[in-house]
Amino acid sequence: MIKPEPVLEVNGLKVKAYTPDGIVPLVHGISFELQPGRVLGIVGESGCGKTVTSLALLQLLDRKQTFIEGSIRLQGVELNGMRPRVMRSIRGRDIGIIMQNPMNVFSPVTTIGSQFIETIRTHARLTRREAAELAITSMEDVRLPNAADVMRRYPFQLSGGMLQRVMIAISMCLKPAVIIADEPTTALDAVNQLQVLRQLDQLRRNYGTSVLLISHDLGVIAELADDVIVMQHGQIVERADVYELFDHPQHAYTKQLLQARPALKSNAPGRSNTHKPGVEAEEYGGLDESFTG
Ligand SMILES: Nc1ncnc2c1ncn2[C@@H]1O[C@H](COP(=O)(O)OP(=O)(O)OP(=O)(O)O)[C@@H](O)[C@H]1O
């Protein structure tokens, strides 16, 4: 069988920072591929370089403080060194971002609808009315109730879970090839965590979007990822299919991460409901299907 072309190919990615003590390496030459429609999890404890990696891929690191070496190819196009104006048009259209804390992403003084419409119109030639219709459809896709009403609201009038779903709707509405989700559920309570993960999974299945899922939480990784990369000190120490990683971890650091989660059970039947090995639904507060939209 012919292997599909990866949508994202990272080769020898290094990130270095200029500090008062000299140049400090943050990411030490990592390589990985993201296949179409797959979810690749990047897991590792705080400070291992997950966020620096995702910001490097998106060309969002401060160029005065850091520099990047290596190759980042999105659908065959090299992103490293791309002019900022061109990169801005790629971000949002071809590669979407879902951040940890949605409250920091939205302007507090503009309605959700205006922000949504503005984002769409930056990337697509649509009238305001067409953009509003697309925004409402996208919010319905992530099962936000009363989408037309949400459009008129300000960010502070929505819960964290609703805002996170608005952010997913914005990220997905132009059907990018890749979504980078950096700790997408960390700021949410247990019920919203599982809902948001389920919706990401459903959108991935509907649109064939590939997802780079970054998390320190093996429960989140187990829920969604197909393949997993384990990072430690800016390096990849292990990579495996998610089942393989949970059932037969090879690296001592991976074993340590798995052992640090007492609720994990290596012979559990699968994901919560449709789930992968190792994570019990109770980790999310004992959810059942009636909560999960
Ligand atoms: N501009 C910078 N200059 C110097 N060091 C930096 C800079 N940006 C990040 N770092 C350092 O790089 C390391 C990796 O940070 P990063 O935020 O990627 O970790 P992380 O794995 O995402 O952790 P967390 O989950 O806590 O965000 C950290 O030690 C951080 O302090």
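This section describes the fold, the ligand shell, the nonpolar core and selected residues of a predicted model.

The protein contains 11 helices and 10 strands. Of its 293 residues, 40% are buried. Contacts with a separation of 6 or more were examined by distance along the sequence. Residues 24 or more positions apart account for 65% of these contacts.

The ligand is surrounded by 15 residues. Ala-17, Ser-46, Lys-50, Thr-51 and Val-52 are the closest. Three elements each supply at least two residues of this shell: strand E1 (8-19), strand E2 (22-34) and helix H1 (50-57). The most comes from H1, which gives three residues. Sorted by class, the shell has nine polar residues, five nonpolar residues and one charged residue.

The largest nonpolar core holds 74 residues. Six of them touch the most other members: Val-166, Ala-169, Val-178, Ile-180, Leu-212 and Leu-213. Helix H7 contributes the largest share of this core, eight residues. Beyond its neighbours within four places in sequence, Val-166 is in contact with Ile-112, Met-139, Leu-144 and Val-150. Of these partners, Ile-112 is a buried residue of helix H4.

Helix H4 spans residues 112-123 and has 12 residues. From first C-alpha to last, H4 reaches 17 Å. The expected value, at 1.5 Å a residue, is 16 Å, and the two are close. Which residues of H4 are buried? They are Ile-112, Gly-113, Phe-116, Ile-117 and Ile-120. These residues lie on the same side of H4, because they cover an arc of only 120° around the axis. An α-helix has 3.6 residues a turn, so residues three or four places apart point the same way. The cover over the buried residues of H4 includes helix H5 (128-141), helix H6 (147-151) and helix H7 (160-172).

Arg-165 also belongs to helix H7. Is Arg-165 buried or exposed? Arg-165 is buried, because 27 other C-beta atoms lie within 10 Å, and the cut-off for burial is 20 or more. Neighbours within four places in sequence aside, Arg-165 is in contact with Val-142, Leu-144, Val-196 and Gln-199. Leu-144 is also a contact of Val-166. Ile-72 lies 93 residues from Arg-165 along the chain. The C-alpha atoms of Arg-165 and Ile-72 are 28 Å apart.

Two glutamines were examined for their backbone angles. Most residues other than glycine have a negative phi, and most peptide bonds are trans. Gln-59 has a positive phi, near 60°. Gln-59 sits in the loop between H1 and strand E4 (66-74). Gln-59 is buried, because 21 other C-beta atoms lie within 10 Å. The phi of Gln-75 is likewise positive, at about 45°, although Gln-75 is not a glycine. Gln-75 is placed in the loop between E4 and strand E5 (77-78). With 15 other C-beta atoms within 10 Å, Gln-75 is partly exposed. Gln-75 therefore falls between the two limits, 20 or more for buried and 12 or fewer for exposed.

Key:
Residues numbered from 1 in each chain as written. Predicted model: local features only at pLDDT ≥ 70, side-chain atom pairs only at ≥ 80, totals over all residues. Helix = DSSP H or I, 4+ residues; strand = E, 2+ residues; numbered from the N terminus. Expected span 1.5 Å × (residues − 1). Arc of directions from axis to C-beta. Contact = placed C-beta atoms within 7 Å. Near = placed C-beta within 6 Å. Nonpolar A, V, L, I, M, F, W, Y, C, P; charged D, E, K, R; others polar. Core = buried A, V, L, I, M, F, W, Y, C linked by C-beta atoms within 7 Å.
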